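Biologist: I would like to go through the labels on this model one at a time. For each, please give the value and the cut-off behind it.

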Amino acid sequence: MNTLPLSGLKVLDLSRLLPGPYATLVLADLGATVDKVEDPQGGDYLRQMAPLRDDESALFYGLNRNKRSLTLDLKAPEAREAFKRLVRGYDVLVESFRPGVMDKLGLGWSVLHAENPRLVYCAISGYGQTGPDRLKAGHDLNYAARAGVLGYGGEADGAPAFPGVQLGDIGGGSLFALVGLLAALHERERTGQGRFVDVSMTDGATAFLHMHLAARLFMGEQGQPLRRGRETLNGGFACYGLYRTSDGRYLSVGALEPKFLAGVCQVLGRPDLLADAYDTGEAGARVKAEFSRIFAEHPLAYWTERFAGADVCVEPVLEGDEVLADPQLRARNLFVESEDTQRGRRVTHLLTPLRMGETPLRPPPVLGQHTHKILFEAGFSSEEIERLVK
């Protein structure tokens, strides 16, 4: 097996649920040693979440391969002292508690930085470590709402579009955490010092509107607020939108450039529609309505075949298990089978997008499975380990 780019990097993962664990999954898939620090009473909340297979959470399984599990009750003084000793041997720490929780445990940035000045400490939270709402509870939908992302999607004069996926958690949390901690590791090569990385999922979700909000700020009083369903990229124009077919399915049309839109009109047998397609008034609305009428005349399979040979940015909206059979995704080896000998079953993994070598496929750990091994590697004696795990 080729050496993976993050081989040798050691990560302590105190995070739970989705944002932190997905970030550390990417690190693990790229070769890092990721050790989950879990509460002995149940561990990561995701372990108990449905759907279950043989009493094991499919969600936890999908996010925690290639990791090890260490159980420590950080509310206990002896465990906290052990944690401070443990952290000396790691490069990165990731946590997703509300701001201040680690400080209350006596394990905040200043304390851990003193123990290990090279440590990169990444804190993922809903609203960040500062600001009036830093301690508010929230979930992905709330972060996307506060960021303006929800308000930008949906039909004009209609309700905001429910995203269906975790934009704030993955896009705002996991991915910006990865960027931040990798940047801090690069800086550490120059300075020898770690850094505190403050990741706000709401800040990160706002990045999805960067082009539009930045343009709004640039325009100042000459511009106007963002409008749902009326802009170029959120459904306001015929060239960029979703169209319902006769069988209740949908086709995505992303023909922004005139050359692509001309091709769409050609396939539809309506080259006359191109002239008004970019009009911002009634003429453009009529073109969009005509597109809707034409696409509604035939089922999705008909349109997929019609556009099969045309390079015009038109794709079917896949649903359900269709994505698992998509030939492009299959060719990219996103879905890989392996034998889970620990559980005696064969499973299919969804790989993370960045692959720089052969991705390891070790199954997720049982709660506390590697406690003794991790502590022994850190220099704890057998007697010390027994006191900690009693």
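Modeller: The chain exposes about 20300 Å², and carbon and sulfur atoms supply 54% of that area. Accessible areas come from the Shrake-Rupley method with a 1.4 Å probe, and for residues only the protein chains shown count as cover. This is a predicted model, in which local features need pLDDT of at least 70 and side-chain atom pairs count only at pLDDT 80 or more, while totals for chains, interfaces and linings use all residues. Residues are numbered from 1 along each chain as its sequence is written, and side-chain values use heavy atoms, with hydrogens and water left out.

Biologist: How many helices and strands does the chain have?

Modeller: There are 16 helices and 13 strands. Both are DSSP runs numbered from the N terminus: helices are H or I with at least four residues, strands are E with at least two.

Biologist: Why is Tyr45 called partly exposed?

Modeller: Buried means under 20% relative accessible area, exposed means over 50%, and partly exposed is in between (1.4 Å probe, protein chains only). Tyr45 has a relative accessible area of 46%, so it is partly exposed. Tyr45 lies in the loop between strand 2 (33–38) and strand 3 (52–53).

Biologist: What makes Tyr45, Met49 and Leu59 a nonpolar patch?

Modeller: Patches are made of residues with over 30% relative accessible area and no salt bridge (a side-chain nitrogen of Lys or Arg within 4 Å of a carboxyl oxygen of Asp or Glu). Nonpolar side chains (Val, Leu, Ile, Met, Phe, Trp, Tyr) are joined within 5 Å, like charges within 9 Å. Tyr45, Met49 and Leu59 form such a patch on the surface, with about 270 Å² of accessible area together.

Biologist: What is said of helix 1, buried or exposed?

Modeller: 11 of the 11 residues of helix 1 are buried, so helix 1 is largely enclosed by the rest of the structure. Among them are Pro19, Tyr22, Leu27 and Asp29. Helix 1 is followed by Gly31, with a positive phi near 110°.

Biologist: Which residues touch the most other members of the largest nonpolar core?

Modeller: A nonpolar core is a set of buried Ala, Val, Leu, Ile, Met, Phe, Trp, Tyr and Cys residues joined through side-chain atoms within 4.5 Å. The largest has 31 residues, of which Val11, Leu27, Val92, Cys122 and Leu181 touch the most other members. Helix 1 gives the largest share of this core, six residues.

Biologist: Which residues does Val11 touch?

Modeller: Contact means heavy atoms within 4.5 Å. Leaving out residues up to four places away in sequence, Val11 touches several residues, including Leu27, Val34 and Val92.

Biologist: How do you know that Asp169 has no salt bridge?

Modeller: The nearest side chain of opposite charge, Arg98, is 13 Å away, and Asp169 is buried. Asp169 lies in helix 8 (residues 167–191). Its contacts beyond four places in sequence include Asp140, Tyr143 and Met201.

Biologist: Why single out Leu17, Asn333 and the bond from Ala50 to Pro51?

Modeller: Most residues other than glycine have a negative phi, and most peptide bonds are trans. Leu17 has a positive phi of about 60°, and Asn333 has one near 55°. The bond from Ala50 to Pro51 is cis, with omega near 5°. At 24% relative accessibility, Leu17 counts as partly exposed, and so does Asn333 at 47%.

How values were computed: Lys and Arg count as positive and Asp and Glu as negative; His and the chain ends are not counted.
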